[in-house]
Amino acid sequence: MKYKSTRGSKEFKSAAQAIIQGIAQDKGLFVPESMPALSIPLDELKGKTYKEIAFEVIYSYFTDYLEEEVRHCVDGAYDEKFEASDIVPLVKAGDAYFLELYHGKTAAFKDMALSILPYLMTTAMNKEKEDKKIVILTATSGDTGKAALEGFADVPNTEIIVFYPNEGVSQVQERQMITQEGKNTHVFAIRGNFDDAQTGVKKIFNDSEFADELAKQGCKLSSANSINIGRLIPQVAYYVYSYGKLMDNGTIQSGDRINIVVPTGNFGNILAAYYAKQMGIPVGKLICASNENKVLTDFINTGTYDVKREFYLTNSPSMDILISSNLERLLYHLSGNNGAEISALMDSLDINKEYKVSDKIRDGLKEFWAGFANMEETDSAIGKMYAENGYLMDTHTAVAYKVYEDYKASTGDETVTIIASTASAYKFADSVAASIGLSTEEDGFENVRALYKETGVKIPKGLKGLETKEIRHKGVLDKEDMKAAVKNSLKACTK
Ligand SMILES: *Cc1c(COP(=O)(O)O)cnc(C)c1O
């Protein structure tokens with residue numbers, strides 16, 4: 001299986017090469033040249049463990065990796081680091097099944113991919129006899145940053161640099177990042193929002209002079225954002241796994257359709273669900289849930305992607321995004337792999353801040369349904385779910401749940417539905433505590449304690465002791481200074 005760019009250049013790479021490189025030379029994203037079918041029949045998904053499914057899925061995409069290499073990566077990633085013995089519990093609450101993706105080290109779904117990416121990356125470096133140090137450059141809306149830092153901390157021959165929006169993440173998220181240990185970790189707040197951070201990082205990736213300069217120093221940039229195909233593919237596994245779990249507990253029979261709801265920001269997670277569908281998981285609707293930054297809701301409903309709009313800071317900060325990178329991959333697939341068409345759309349986005357897709361792409365978008373929730377609706381979804389079912393949702397998951405309720409009301413579709421539950425409620429303790437009727441304090445850590453006292457839901461290990469941990473990263477930068485920050489961080493970048 002080869003990987004090619006969404007923007008139509010003739011660049012063909014192996015999975016290992018695409019993972020090391022991160023982004024294609026023509027600024028496009030790497031996509032598989034074809035979608036592999038599930039390597040085992042649907043009814044045999046029954047009873048399989050998470051690791052077994054993850055192996056099957058990853059091995060069918062990353063065919064240049066040897067079987068034992070993929071096993072090594074999967075075994076290293078999905079172990080006791082996860083606080084749930086089955087890695088990804090599927091929990092019924094109300095009228096939906098919550099796929100709890102947040103039991104890894106940093107208490108958000110980003111751990112699902114970022115606990116395996118360092119293994120995939122170092123394996124790729126060995127396979128490709130990469131002689132440079134790999135520098136992981138990451139923009140984060142709050143959760144990717146910590147998960148990437150945790151994954152790459154002290155991994156030999158790597159450095160990791162993270163940029164997050166100052167005042168654009170929750171207190172717990174910020175504290176998780178700025179207390180990060182590890183000799184190769186670098187964290188900066190930037191004065192701007194996530195889109196500024198992501199645009200800045202992409203600019204650095206596309207600066208070929210800078211790449212040459214770094215190469216002389218023995219360094220090479222790569223990405224831990226979901227633009228890296230090594231992030232995306234491991235996420236396909238949990239949707240495949242969830243189908244097996246629904247068969248295990250008798251909710252569905254092999255072949256029955258399910259719907260999937262995903263709280264969406266950069267479009268990586270829902271794209272992984274789309275890939276699972278392409279592989280043969282019977283999925284009816286893919287339901288895309290946004291917060292007030294509802295550029296995707298409008299796009300899916302109108303075919304026009306328009307970022308000329310106000311940017312809101314919400315209580316689901318990991319979805320405060322207007323430029324959803326991975327949508328480019330979906331558009332490419334729906335266009336019938338038309339790189340020239342996608343390249344033109346992305347140029348239009350750069351220049352005109354909008355684009356309108358062809359009828360063919362619009363037709364493909366009918367597999368999706370889109371809606372959004374504002375902050376008040378998000379809060380009341382959390383309160384109602386807790387009051388009625390004793391189940392605690394974080395703000396992002398609550399956005400998805402509210403949109404699911406809207407979907408049902410609007411369509412009457414009662415198909416068995418999985419909701420991607422993307423973070424522990426404790427990461428957004430201020431909002432969640434208020435939503436279930438607790439009086440809240442200025443200090444977020446007080447709210448963590450209050451939430452625990454009220455609900456008894458276990459506090460994730462990774463969030464304990466954060467309050468008193470030493471702050472190691474204090475840099476706050478203007479977005480124009482990101483490149484200089486990378487340079488400074490890499491002074492000693494020799495292998
Ligand atoms: C990153 C994130 C999302 C959005 O996921 P995308 O793959 O960027 O669409 C949703 N919820 C949480 C908690 C996240 O960390």
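A cavity is understood here as a set of points, on a 1 Å grid over the protein atoms alone, where a 1.4 Å probe fits but cannot get out, and a molecule is taken to sit in such a cavity if more than half of its atoms lie within 2 Å of its grid points. In the present structure, which is a predicted model, the space taken by the ligand is the largest cavity.

The surroundings of the ligand comprise 15 residues, of which Lys110, Asp143, Gly265, Asn266 and Asn269 are the closest. Sorted by class, this shell contains five nonpolar, eight polar and two charged residues. Polar contacts to oxygen atoms of the ligand involve both side-chain and backbone atoms of the protein: an N or O atom in the side chain of Asp143 lies 2.4 Å from a ligand oxygen, while a polar backbone atom of Asn266 is found at 2.8 Å from an oxygen atom of the ligand and a polar backbone atom of Asn269 at 2.9 Å from one. The ligand taken alone exposes 390 Å², and the protein buries 98% of that area.

With regard to the overall fold, the secondary structure of the chain amounts to 20 helices and 16 strands. The C-alpha atoms occupy a box of roughly 60 × 50 × 50 Å when the principal axes are used as the frame. For a chain of 495 residues, a compact globule would be expected to have a radius of gyration near 23 Å, and the computed 21 Å agrees with this expectation.

Local features were also identified at both ends of helix H9, which spans residues 208-216. The N-terminal end of H9 is capped by Asp207, a side-chain oxygen of which lies 3.3 Å from the backbone nitrogen of Glu209. Just after H9, Gly218 adopts a positive phi of about 90 degrees.

Methods
Residues are numbered from 1 along each chain as its sequence is written. This is a predicted model: local features need pLDDT of at least 70, side-chain atom pairs count only at pLDDT 80 or more; totals for chains, interfaces and linings use all residues. Side-chain values use heavy atoms; hydrogens and water are left out. A residue is near a molecule or strand if one of its heavy atoms lies within 4 Å of it. A polar contact is a pair of N or O atoms within 3.5 Å; within protein, one must be able to donate a hydrogen and the other to accept it, and residues adjacent in sequence count only if both atoms are side-chain atoms. Accessible areas come from the Shrake-Rupley method with a 1.4 Å probe; for residues, only the protein chains shown count as cover. On a 1 Å grid over the protein atoms alone, a cavity is a set of points where a 1.4 Å probe fits but cannot get out, and a pocket is an open set with protein on both sides within 12 Å along at least five of seven lines; lining residues have an atom within 4 Å of a point. Ala, Val, Leu, Ile, Met, Phe, Trp, Tyr, Cys and Pro count as nonpolar, Asp, Glu, Lys and Arg as charged, and the others, Gly among them, as polar. Helices (H or I, at least four residues) and strands (E, at least two) are DSSP runs, numbered from the N terminus. The radius of gyration is taken over C-alpha atoms; the globule rule is 2.2 Å times the number of residues to the power 0.38.
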